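Here's a quick tour of how the pieces of this model pack together. Have the structure open while you read.

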There are 2 protein chains.
Amino acid sequence: MLLERFTVPPAEQVRVSAAALHRTTAAIFEKLGVPAEDAALAADVLVTADLRGVESHGVSNMLRVYVQQYRDGTLNPRPQWRLLREAPATATLDGDGGLGIILGPKAMRLAMAKARQVGVGVVTMVNSGHLGAIGYHAMLAAQEEMIGVCMSATRPSVVPTFAAEPRFGTNPLAIAAPARHEAPVLFDAATSAIAGNKVRLAARVGSLLLPGWVADKAGRPIMTESPPLERGQYFHLPLGSTRELGSHKGYGLALMVEILSALLAGALPGMLEPGYKHYFAAYDIAAFTDVERFKDTMDAMLRTLRTTPPAPGQTRVLYPGPWPNTKKKRGGAPTAFPCTVK
Amino acid sequence: MLLERFTVPPAEQVRVSAAALHRTTAAIFEKLGVPAEDAALAADVLVTADLRGVESHGVSNMLRVYVQQYRDGTLNPRPQWRLLREAPATATLDGDGGLGIILGPKAMRLAMAKARQVGVGVVTMVNSGHLGAIGYHAMLAAQEEMIGVCMSATRPSVVPTFAAEPRFGTNPLAIAAPARHEAPVLFDAATSAIAGNKVRLAARVGSLLLPGWVADKAGRPIMTESPPLERGQYFHLPLGSTRELGSHKGYGLALMVEILSALLAGALPGMLEPGYKHYFAAYDIAAFTDVERFKDTMDAMLRTLRTTPPAPGQTRVLYPGPWPNTKKKRGGAPTAFPCTVK
């Protein structure tokens, strides 16, 4: 659930049907030279983000960026990925300049195929574009009785603890796991205090930034409520905000994502070379334990979480998820689902 | 580096040689019926924690707990672990009631053997005791040109965002990766705002707790500096402390650790059944990329991090690590290494 300060005021909202948005988005990708099947996949990734209420990674916020990158030649509309190295449980891929939101689902399916063979599959990828809302890729595994994990090392904007210059991207991490009757778990979060474009989003809707969200240009955490700074006038803080609150943990998590996504793919980290690097892992639950037991246990845990007594002033406890297809859609219009805590 | 408020005042410090501490500790384990080789391993895990400055998980803080658990029959001094399920890349183990700090290194070595065969190895474990400073196990992989990851689902003490009752343990997560000339990376952190026994440690050394570290018994984050509360009068907060600062991310990370450690081992989560559950993963770097290139890139990244200009008022940027054996020991006495940011 987005904090209220990030929601677009009702008067400015433009509501369209998900199906129409999907058609239009796919047509735009095709126009840019993307094959029809890939264009439909890209549209699905973007519209799903909107349907989950993650508008920062949906059509309105990301499509224009991708269009620009296809136009200026940054992205290759017809990539042929290349296998750089492979083992029964692993693969390292060169994405041939393709867009991450199209290559991501394919890389996760490769990880899943490996997991089906040997229990776990891990795929890393260099030389591809933005991965979108990475929970989409993790969720593909959860739809086939696996646990999916996805990470992405992105452009440096986050200052390590005590540092005056950014060294890591917002480096998100996602995990998805299936349940039986409960909505599946889908956790997808930046390892920074707030996601990359929340500052611009706050500026757009006229909100203040809360203490601990960003640092000034010298790397000092800003610990008072303050107006959004202009681009280039601030850096992001790691999750934990300050050393005292635990920013060294957010910093360590960003470092973990960088090692598993960039270095394990044989690439340089974002602080030394531009470009996105990605990590996909699938765990075949049946290789570890009984799948039916796993799903029942997930249900029991998730039910326990959402029926936990709330603290004073709170209405209820949420858990991260769910997925549009697992709940009845409200008339097909883009809407935030109640359990999304991103 | 521990925050100053957690360090034992110099007048109260008792300094002993690491070798003597190791001998005494191993002898105590043997006295409890633990085989000599396992006793030496347990002593190594505990003394290494002290040598890294992680006193919360060293001899003085943990040994008495383990002794009590062997004495009351909670722990089995001569466990025979049982393979519950296995695939080329995976294994699920029943630890037969053995102590985690002894079974942990063995489970990680099993994961490493699998990684050597198929590229990645993942082992989960139920029915065993406390895993100690889990970075120890992750580091075993880093010592053999692999990346090691370790997690542990522990006794509930952490309130999810908005909740009035604890549902997760401090559920730590560790990753270790080798470098060439730079000290290796070892990140090892609780997914809670502060580690489990920091409150008692603060009480012991007479320090106040900082805002955002714990919640009161109703689940409300305590956002003022305040004296440590008595056991049972507070709960831990997830990393991120409050919804506004990002506690939903710390909560999501704790949930991730619970799914990968407990549920993937076929066990119930800590909120429904007591007992520790563990996760061990090893990534064979050579299966993904050139090992020499990986180490050179690690060096370049780590050098860049530690030479990053510091923010005003800070002296330098640290990265998480290193390991006692990789630096010259100061006379063999227990000492905190400067780069430890835990």
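## Helices α4 and α5

In chain B, the axes of helix α4 (residues 100-118) and helix α5 (residues 135-142) come within 9 Å and cross at roughly 30°. Axes here are lines fitted to C-alpha atoms, for helices over the stretch in contact, and angles run from 0 to 180 degrees between N-to-C directions. Helices (H or I, at least four residues) and strands (E, at least two) are DSSP runs, numbered from the N terminus. The α4(B)/α5(B) crossing is right-handed; the call is right-handed if the near helix is turned clockwise from the far one by less than a right angle, and left-handed if anticlockwise.

On the α4(B) side the contact uses Gly104(B), Pro105(B), Met108(B), Arg109(B) and Met112(B), and on the α5(B) side His137(B), Leu140(B) and Ala141(B). Contact means that the C-beta atoms of two residues, placed from the backbone, lie within 7 Å. Sorted by class, that contact has five nonpolar residues, two polar and one charged. The classes go like this: Ala, Val, Leu, Ile, Met, Phe, Trp, Tyr, Cys and Pro are nonpolar, Asp, Glu, Lys and Arg are charged, and the others, Gly among them, are polar.

Over in chain A, α4 (residues 100-118) and α5 (residues 135-142) have axes that come within 9 Å and cross at roughly 30°, and this crossing is right-handed.

## What kind of model this is

This is a predicted model, where local features need pLDDT of at least 70, side-chain atom pairs count only at pLDDT 80 or more, and totals for chains, interfaces and linings use all residues. Residues are numbered from 1 along each chain as its sequence is written, with chains lettered from A and ligands numbered from 1 in the order in which they are written.

## Helices α1 and α2

Back in chain B, the axes of α1 (residues 18-31) and α2 (residues 36-51) come within 8 Å and cross at roughly 140°. That makes α1(B) oblique to α2(B) (under 35 degrees would be roughly parallel, over 145 roughly antiparallel, 65 to 115 roughly perpendicular, and the rest is oblique). The crossing of α1(B) and α2(B) is right-handed.

Residues at this contact include Leu21(B) and Phe29(B) from α1(B), plus Leu46(B) and Val47(B) from α2(B). The class split for α1(B) with α2(B) is 12 nonpolar, two polar and two charged.

## Two domains in chain A

Chain A splits into domain 1 (17-71) and domain 2 (82-288), with bounds from an automatic or database domain assignment. Their C-alpha centres sit 20 Å apart. Across the boundary, 14 residues of domain 1 of chain A touch 11 residues of domain 2 of chain A. On the domain 1 side, α2(A) gives the most, with seven residues.

## How the chains pair up

What rotation superposes chain B on chain A? A turn of 180° with 0.0 Å of shift along its axis does it, at an RMSD of 0.0 Å. That is the relation of a two-fold axis, with copies superposed by least squares on the C-alpha atoms of residues with pLDDT of at least 70 in both. In chain B, Gly240(B) has the C-alpha nearest the axis, 2.5 Å from it.

At the interface, 73 residues of chain B are in contact with 74 residues of chain A. α9(B) supplies the largest share of the chain B side, eight residues. That side has 47 nonpolar, 18 polar and eight charged residues. And 100% of the interface residues of chain B are also interface residues in chain A, so the copies meet through the same surface.
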